[in-house]
Amino acid sequence: MTQIVSRRVSQRVQWQLEQQGLHPLLARIYAARGIVMRSELDYEFQSLLAPDRLAHSGTAAGLLADAIGRQAKILIVADYDCDGATACAVGIRALRAFGARVDYLVPNRFTYGYGLSPDIVDLAAKSSPDLIVTVDNGIASVDGVARARELGIATLITDHHLPGDELPAAECIVNPNQPGCDFPSKSLAGVGVMFYVMLALRAELRRRDWFSEASGRSEPKLAALLDLVALGTVADVVRLDHNNRVLVSQGLQRIRQGRLTPGIAAIFRAAGRNPDQASSTDLGFMIGPRLNAAGRLADMSLGIECLITDDPGRAMNIAQQLDALNRERREIEAGMQEQALLQIEKAGADAAADPAAIGVSLFDADWHQGVVGIVAARIKERLHRPVFAFARGEGDGGEIKGSGRSVAGLHLRDALDLVGKRAPGLLLRFGGHAMAAGVTIRECDLPRFRELFAQVAEELLAPADRTRTLETDGGLESGYYSIATARLLEAEVWGQGFPAPLFADEFVVESQRILKDKHLKMRLRKGEQRLDAIQFNFSQAPGSTIRAAYRLAINDFNGVQTPQLMIEHFENRPSHARHPA
C-alpha cells in the first residue's frame with residue numbers, strides 16, 4: 001500500500017524566501033525542505049567547509065607530501081563502485097599533477113570481495129609500493145592494514161563508512177565518521193573525502209614552496225576535478241547536506257560549461273545526453289550506472305581508465321564499452337527481476353498482508369553476483385519490504401553472497417547483527433549500513449537465514465513503516481506546466497535527503513495505451529489543460545479519474561520538446577468523484 005501525502009510548508013518561511021528574491025515555486029519547495037534563508041542556497045566554492053576541519057587531513061597531507069618529495073611509490077586501492085572509481089580518479093589526477101609516482105589497484109569484486117583484505121595487500125605488494133592509500137574503503141580493514149605493516153608498507157585510509165569497534169592501525173585515517181572527528185558534514189562520499197585530502201595536500205605543498213618559481217612546477221587547479229566529485233557524490237546516494245550540495249553544484253556548473261574531464265564527456269555522449277543541460281538526475285541515473293556496470297559485470301579498472309585518460313578518442317572507446325556493459329546489465333537485471341517476482345508469487349508472499357514476507361530473501365543458482373544488489377533494490381521498491389537477493393559465489397565452496405536493501409525504519413546491518421547473534425556461525429561475513437548491506441552464508445543455510453531474517457524484520461519494522469509514503473510538494477498551479485518550469489527545477493541540486501520536487505494532483509484520464517508491454521502512456525486533463533504523462537513499469541490500470549504523484553519533465557521527441565508528467569504512483573478515484581475543474 002502506498003500513501004500520497006503533502007509536505008508541510010511554513011507560509012511565513014515561504015514568504016521570507018520570496019522576499020529574498022527566490023522564485024515563488026522554488027520558495028515553496030525549499031521551505032518544505034527546511035531552508036529558512038536564501039544564503040543556505042549559496043553554492044559558491046568559498047562556502048565549502050575548510051579542509052583543516054576534517055580530522056587528520058593535515059597529517060595525511062604531510063604523509064603524502066613526504067612521499068612525493070622522496071619520489072616514493074604510492075598505490076591507491078579503490079572500491080569497485082562509482083564513488084570508489086571517481087575517488088581513485090581524483091587521487092590519480094591530483095597526485096600526478098603534484099608530481100607523485102602513483103598507480104592504482106581495484107579488487108575484482110568476485111575474486112577478492114570488498115576492502116583492503118590481506119589478500120589484496122599481498123597482491124599490491126607485487127608492485128612494491130611504499131604507501132597504500134585506500135579510497136572509499138579501509139575503515140574496517142584491520143587485518144589488511146596489519147598485513148601491510150608486516151610487509152613494511154605504510155597505509156593511509158581515506159573512507160566515509162561507519163567504523164567498527166576496532167580501527168585499523170594505519171599511519172593515518174581520514175574519515176568524517178571516525179571517533180573524534182567533528183567535521184560538520186558527516187555525509188561526505190568517498191570521493192569527497194579524497195578531494196578534501198587533495199586540498200589539504202596542496203596547502204601543505206604550498207607551505208613547502210613546492211610550487212615556487214625556482215622549482216619550475218605549476219600549481220594545479222583542483223576545481224578541475226569537481227565534475228568527478230559531483231558524479232561520485234550523487235551516484236553514492238549520500239545525503240546532500242549543504243556542503244555536498246556545494247560540491248555537486250560546482251561540478252554541475254563545470255559540466256554545463258563544457259569544462260569536464262574527457263571520460264565524463266565521453267560517457268555523456270555514449271548515453272545520448274547533452275552535458276550543456278546536465279542535472280543531478282543525469283549523474284545518478286545515466287552516467288553513474290554506466291560506470292557501475294564495469295564493476296558489476298567486468299572490472300572497474302575499465303571505468304577508472306575512462307576517468308583518468310586525457311585522450312578523448314580513448315575515453316570515447318571505453319565509454320562505448322561501458323555503455324554496452326550497461327545494456328547487458330539491464331538485460332540480466334530484467335531477467336533476474338522477472339524470476340524474483342515469480343518466486344514471490346509462487347511462495348504466496350504478497351507482502352501486503354503476509355507477515356512472513358516482511359523480510360524477503362531470494363536466491364537463484366543462475367543469478368549474477370554483480371547484479372543482485374539492483375534486483376534487491378527493485379523488489380524492495382515494489383513490495384516496500386527489506387529484501388536480500390543471493391547469488392552463488394566464486395568457486396565451489398558452497399557459499400552464496402547476498403546483497404540487501406531496506407526501507408526506512410529497519411537498519412539492515414543491525415538486523416543482520418541480530419540474526420548472527422541468534423544463530424552463531426550462520427553468517428560467514430556481513431557488513432553495511434542502514435539501507436544497504438551484504439552477507440555471505442552457506443547455500444544449505446538459506447532456509448534458516450530466510451526464516452530468521454523474516455522474524456527479525458517482523459520485530460524491528462514498526463507497523464507504521466510498512467506502508468510506503470510518497471511525500472509530495474502538493475499541487476502544481478496550471479501556469480507552471482511548462483518547459484521553462486521543468487528547466488528551472490532541473491537546474492537546482494537535488495538528491496538523497498534533499499529530494500527533487502514531486503507534485504500531486506487529480507486528473508481526468510482522456511486516453512491511455514501501453515508501450516513495450518510495460519509502460520503506461522496517458523493523456524490527462526486538469527481543468528482546461530491537457531498533458532502527456534507516462535508511468536514506467538506500471539502495475540495497475542487507471543480508471544477515468546486518478547490522483548497522481550508526478551515529476552515535471554521534458555519529452556524530447558524528434559527534436560520537438562513538450563512538458564511531460566513522469567508518474568511515480570497513482571490512485572484511482574471512484575467514478576462518481578468530482579472531476580478536477
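Just one cavity of 30 Å³ or more turns up in this structure, which is a predicted model. Besides that cavity, here's a look at three places where helices pack against each other: helix 2 with helix 17, helix 4 with helix 7, and helix 15 with helix 16.

**The cavity**

- The largest cavity holds about 30 Å³ of space.
- Its lining takes in the run Val77, Ala78, Asp79 and Tyr80, plus Pro107, then Gly113, Tyr114 and Gly115, and finally Asn137.
- Sort the lining of the largest cavity by class and you get five nonpolar residues, three polar ones and one charged one.

**Helix 2 with helix 17**

- Helix 2 covers residues 24–31 and helix 17 covers residues 483–490; their axes come within 11 Å and cross at roughly 40°.
- An angle under 35 degrees would count as roughly parallel, so at roughly 40° helix 2 and helix 17 are oblique to each other.
- The handedness of the crossing between helix 2 and helix 17 is right-handed.
- On the helix 2 side, Leu25, Leu26 and Ile29 make the contact, and they meet Thr485, Leu488 and Leu489 of helix 17.
- The contact of helix 2 with helix 17 has five nonpolar residues and one polar residue, with no charged residues at all.

**Helix 4 with helix 7**

- Here the partners are helix 4 (residues 82–97) and helix 7 (residues 190–207), packed at an angle of about 15° with their axes 8 Å apart.
- That angle is why helix 4 and helix 7 are described as roughly parallel to each other.
- Helix 4 and helix 7 also make a right-handed crossing.
- Helix 4 brings Asp83, Thr86, Ala87, Val90, Gly91, Ala94 and Leu95 to the contact, while helix 7 brings Gly190, Val191, Met194, Phe195, Met198 and Leu201.
- Split by class, the contact of helix 4 with helix 7 comes out at nine nonpolar, three polar and one charged.

**Helix 15 with helix 16**

- Helix 15 (residues 412–422) packs on helix 16 (residues 446–460) at about 125°, and their axes are 10 Å apart.
- With that angle, helix 15 is therefore oblique to helix 16.
- The crossing of helix 15 and helix 16 is right-handed.
- From helix 15, the contact residues are Leu412, Ala415, Leu416, Leu418, Val419 and Arg422; from helix 16, they are Phe449, Leu452, Phe453, Gln455, Val456, Glu459 and Leu460.
- By class, the contact of helix 15 with helix 16 comes to 10 nonpolar residues, one polar residue and two charged residues.

Definitions and conventions. Residues are numbered from 1 along each chain as its sequence is written. This is a predicted model: local features need pLDDT of at least 70, side-chain atom pairs count only at pLDDT 80 or more; totals for chains, interfaces and linings use all residues. Side-chain values use heavy atoms; hydrogens and water are left out. On a 1 Å grid over the protein atoms alone, a cavity is a set of points where a 1.4 Å probe fits but cannot get out, and a pocket is an open set with protein on both sides within 12 Å along at least five of seven lines; lining residues have an atom within 4 Å of a point. Grid points are joined across faces, edges and corners, and a volume is the space filled by probe spheres set on the points. Ala, Val, Leu, Ile, Met, Phe, Trp, Tyr, Cys and Pro count as nonpolar, Asp, Glu, Lys and Arg as charged, and the others, Gly among them, as polar. Axes are lines fitted to C-alpha atoms, for helices over the stretch in contact, and angles run from 0 to 180 degrees between N-to-C directions. Helices (H or I, at least four residues) and strands (E, at least two) are DSSP runs, numbered from the N terminus. Angles under 35 degrees count as roughly parallel, over 145 as roughly antiparallel, 65 to 115 as roughly perpendicular and the rest as oblique. A crossing is left-handed if the near helix is turned anticlockwise from the far one by less than a right angle, and right-handed if clockwise. Contact means heavy atoms within 4.5 Å.
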